[in-house]
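Subject: Structure handover

Hi,

Here is the structure I promised to pass on. Please have a look at it first, and then read my notes underneath.

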Amino acid sequence: MSTVPDPTQRPTWAEIDRAAFRRNVEAVIARLPAGVRLAAVLKANAYGHGAVEIAKTCCTPDRVSMLVVALLEEALELRRNGVTFPIFVFTPLTCEQVAIALDHDVTIGVVGPEELRIVCEYARERDVSIHLKLDTGMGRMGVMEGELGEVVEVIQRTPRLHVEAVYTHFANANDPHDPLTVRQIEKFRDMLASLRARGIDPPHRHLANSAATMRDLLGPGDIVRVGISLYGGQSVDDTPVPYEPVLRWRTEIMRLKDVPPGYGIGYGTTFHTGRRSRIATCPVGYADGYARQLSNKADVIVRGRRAPVVGRVSMDLITIDVTDIPEAAYGDEVTLLGDGITAEELARKAGTINHEVFCRITSRVPRIYR
Ligand SMILES: *Cc1c(COP(=O)(O)O)cnc(C)c1O
């Protein structure tokens, strides 16, 4: 059992199992065809797991090609903390951010002609390598097929701009019955062929996220961008996860009381005891990212058994019913996520997806590494 990481803090924290993360990296790599490399997705603080620590855990193997983050700020945090590995940023950058990215050796994913023009301004003075995003059917970022002509023209006018990769993103790869993913791959092939016909032949291509990687839908990709699998999360609907959970979120019982039948619990008194009950209170709430939607829905683990969350999740506290766990005591450890409670279970109960369960865990919750 863990000891309180910092005596000034309440006993609520998330434990990150570095070895489990490393095994997931190896397991993902093991299923890739020869010559295909992994881009580890570390956006949103490595899905709440702590980007700096996670980065240090995954940039050793030679089959990891780069770290992927959403924001320039996330890339800079890694650079500030001594991460020298290639870093790729995929959301659109402002003109000022482009300059900063280049100065910090951060690879830019160019999402359309507007950003391309900005980047080309810088490429008049220096060599600039980019990855070019193609919209193959998600409608969010990327160059549309009809824009390829103008994009090619801009690239060809800029000899110091190097298109190191083209890439796209799948909208529905989680759903094996949705034909869109295969259509997106076909569209990608078409757009790639038309770039090649016009003399642009990028050395690298990446399409697949975790779900597409699980389904071996890599298309012509030689890199996969994998996030949720590395954190042990499910990516393909209704499919077992061959990876290990990495994060365990725990708290403690800090108030334990017997209440009579018919007693109201929490804000709105949404739960009333149906019998004489033992109610335990733990110092964690929605301000920590434990979703308020879990009120009266989620379970936690106490002494190896499930106990229901009863009443509303407050900002800083939850209440659980331990009537059926008579040994439960003040100071007992309580697992919120982990020990059999999966991010998928919490996501279902909160009406969201596992990705959000992880990245909702706020900075109030210390991350402890093992
Ligand atoms: C988040 C993200 C990924 C990784 O998705 P997972 O489902 O977590 O594997 C890959 N590419 C892009 C562009 C993303 O935004």
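Below is what I found, starting with the ligand and then turning to the cavities. Please keep in mind that this is a predicted model.

The ligand sits in the largest pocket. Two elements each give two or more residues to the shell around it: helix H2 (43–47) and strand E9 (223–226). The residues around the ligand are Val41, Lys43, Tyr47, Phe90, His169, Asn209, Ser210, Arg225, Val226, Gly227, Ile228 and His355. Sorted by class, that shell has 5 nonpolar, 5 polar and 2 charged residues.

You may want to zoom in on three contacts, each to an oxygen atom of the ligand. With tyrosine 47, the partner is an N or O atom of the side chain, at 2.5 Å. Glycine 227 uses a polar backbone atom instead, 2.9 Å from a ligand oxygen. Isoleucine 228 also takes part through its backbone, with an N or O atom 2.8 Å from an oxygen of the ligand. As for how much of the ligand is covered, the protein hides 93% of the 390 Å² of accessible area that the ligand has on its own.

Now to the empty space. The structure holds 3 cavities of 30 Å³ or more, and the largest cavity has a volume of about 60 Å³. Its lining is made up of Trp249, Gly289, Tyr290, Ala291, Leu294, Leu346, Val357 and Arg360. By class, these are 6 nonpolar, 1 polar and 1 charged residues.

Happy to talk it through whenever suits you.

Best wishes

Key
Residues are numbered from 1 along each chain as its sequence is written. This is a predicted model: local features need pLDDT of at least 70, side-chain atom pairs count only at pLDDT 80 or more; totals for chains, interfaces and linings use all residues. Side-chain values use heavy atoms; hydrogens and water are left out. A residue is near a molecule or strand if one of its heavy atoms lies within 4 Å of it. A polar contact is a pair of N or O atoms within 3.5 Å; within protein, one must be able to donate a hydrogen and the other to accept it, and residues adjacent in sequence count only if both atoms are side-chain atoms. Accessible areas come from the Shrake-Rupley method with a 1.4 Å probe; for residues, only the protein chains shown count as cover. On a 1 Å grid over the protein atoms alone, a cavity is a set of points where a 1.4 Å probe fits but cannot get out, and a pocket is an open set with protein on both sides within 12 Å along at least five of seven lines; lining residues have an atom within 4 Å of a point. A molecule sits in a cavity or pocket if more than half of its atoms lie within 2 Å of its grid points. Helices (H or I, at least four residues) and strands (E, at least two) are DSSP runs, numbered from the N terminus. Ala, Val, Leu, Ile, Met, Phe, Trp, Tyr, Cys and Pro count as nonpolar, Asp, Glu, Lys and Arg as charged, and the others, Gly among them, as polar. Grid points are joined across faces, edges and corners, and a volume is the space filled by probe spheres set on the points.
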